[in-house]
Amino acid sequence: MDIIEAATQRIENSSDTLINIKKLETSMMGELNNLPAQSSKSKYCICRFPKRLRDCNERVYKPAMVSIGPLHHGKEALKAMEEHKRRYLQDFLQRTKVSLLDYIKLIKEKEERLRNSYVESIELSSDDFTEMILVDAAFIIEVFWRFLVNERQDDEGDHMFNKPQIIRDISLDIWLLENQLPFFILEDVFNLSGHDQTISFTRLTNEFLKKLWDLEEMPHSVEKNNQSSEISHLVDFLRSHLQPPELQAKEKPENLITPSLEDLQSAGILIKLRSGRNLFDIKFKDGVLKIPS
């Protein structure tokens, strides 16, 4: 009798195990089937820095004053600027005379492409995502525009332009990789706004960089080479702006390890400061390496 009961118990346990396995299979298949569709045309360009780099000094990679885009949106430390960004949107609407509805429609039409620009899935509703993109895009355009044409310098309510250091601090946040909007949406919003047709957004960005950081005019700028469609975001714009054409290799370069200054000096290389504002104006001759500050 005990043998029969033991055999029955083993059968029941085996049956329960099969049921549990089937439940797990059903659950996992449901999760796999519910994965969002991955567009073959999507090409993300905005991501977070690797953890191994962030752990060295996270402050270098995190915005300190203002969030741009979804990766740092809603962070408590950055909320103080949100009201100011919305005031800039309000002024942007008044200055451009384009309806808020038209801007919303533009971003809604581009929403899928915008979301696909980020390596992470953006957990914001369609309306919240659209609002964030519009507020941040208008803020960047207004900052560039006001800084270029010196507007609102006497406006006591605009604490950014009454305190030049603040605009410089904010500009550092604008050029962080994790704090980006796709470049195409900045251009699209700028073009819809009906700005003076003699200036494009690439030219406006170029002039902002020159004026803020005292960079020299470069004959190979992205606008003159008609490459704005290839720019991913503002960090990519800065890279393209500073990169001399002779460094734009057509083939993938050999993976070389760059020696440190200590290694160079140990090898007998003399390092000297070179005048000039072009960060890539580096010269090496007769054992002397000259690098701009």
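Cysteine 47 counts as partly exposed, at 23% relative accessibility; partly exposed covers the range between buried (under 20% relative accessible area) and exposed (over 50%), computed with a 1.4 Å probe on protein chains only. Cysteine 45 is also partly exposed, with a relative accessible area of 22%. The structure holds zero disulfides, a disulfide being a pair of cysteine sulfur atoms within 2.5 Å. Cysteine 45 is accordingly in no disulfide, and its nearest cysteine sulfur, that of cysteine 47, is 8.7 Å away. Cysteine 47 is likewise in no disulfide, with the sulfur of cysteine 45 as its nearest, at 8.7 Å.

The model is predicted: local features need pLDDT of at least 70, side-chain atom pairs count only at pLDDT 80 or more, and totals for chains, interfaces and linings use all residues. Residues are numbered from 1 along each chain as its sequence is written, and side-chain values use heavy atoms, with hydrogens and water left out.

**Overall composition**

The secondary structure of the chain comes to twelve helices and three strands; these are DSSP runs (helices H or I, at least four residues; strands E, at least two), numbered from the N terminus. Of the 293 residues of the chain, 36% count as buried. Among contacts between residues at least 6 apart in sequence, 63% join residues at least 24 apart, where contact means heavy atoms within 4.5 Å.

**Salt bridges between α3 and α6**

A search of the whole structure finds 18 salt bridges, each defined as a side-chain nitrogen of Lys or Arg within 4 Å of a carboxyl oxygen of Asp or Glu. Three of them are set out below.

| Residue in α3 | Residue in α6 | N to O distance | Separation in sequence |
|---|---|---|---|
| Lysine 85 | Aspartate 136 | 2.7 Å | 51 residues |
| Aspartate 91 | Arginine 146 | 2.8 Å | 55 residues |
| Arginine 95 | Glutamate 142 | 2.4 Å | 47 residues |

Helix α3 spans residues 82-96 and helix α6 spans residues 126-149, and the pair of lysine 85 and aspartate 136 links these distant parts of the chain. Both aspartate 136 and lysine 85 are buried. Aspartate 91 and arginine 146 are buried as well. Arginine 95 lies in α3 and glutamate 142 in α6, so their salt bridge ties together parts of the chain that are 47 residues apart. Within this pair, arginine 95 is partly exposed, with a relative accessible area of 25%, whereas glutamate 142 is buried, with a relative accessible area of 1%. Salt bridges that share partners also join Glu82, Lys85, Arg86, Glu131 and Asp136 into one network.

**Helix packing**

Two packed helices are described by the angle between their axes and the distance between the axes. Here the axes are lines fitted to C-alpha atoms, for helices over the stretch in contact, and angles run from 0 to 180 degrees between N-to-C directions.

Helix α6 also packs with helix α9 (residues 183-192), at an angle of about 75° and with the axes 10 Å apart. The two helices are therefore roughly perpendicular to each other; angles of 65 to 115 degrees fall in that class, with under 35 roughly parallel, over 145 roughly antiparallel and the rest oblique. In this contact, Ile133, Ala137, Ile140 and Ile141 of α6 meet Ile185, Leu186, Val189 and Phe190 of α9. The residues divide into eight nonpolar, no polar and no charged. Nonpolar comprises Ala, Val, Leu, Ile, Met, Phe, Trp, Tyr, Cys and Pro, charged comprises Asp, Glu, Lys and Arg, and the others, Gly among them, are polar.

Helix α10 (residues 201-213) and α11 have axes that come within 11 Å and cross at roughly 75°. That makes α10 roughly perpendicular to α11. Thr202, Thr205, Asn206, Leu209 and Trp213 in α10 meet Leu234, Phe237, Leu238 and His241 in α11. This contact divides into five nonpolar, four polar and no charged residues.

Helix α11 (residues 234-242) is largely enclosed by the rest of the structure, because seven of its nine residues are buried. The buried residues are Leu234, Asp236, Phe237, Leu238, Ser240, His241 and Leu242.

**Asparagine 179**

Asparagine 179 is placed in the loop between α8 (164-174) and α9. At 1% relative accessibility, asparagine 179 counts as buried. Not counting residues up to four places away in sequence, asparagine 179 touches Pro63, Val66, Ser67, Ile68, His72, Asp173 and Ile174. Asparagine 179 and isoleucine 46 lie 8.6 Å apart in space, C-alpha to C-alpha, although 133 residues separate them in sequence.
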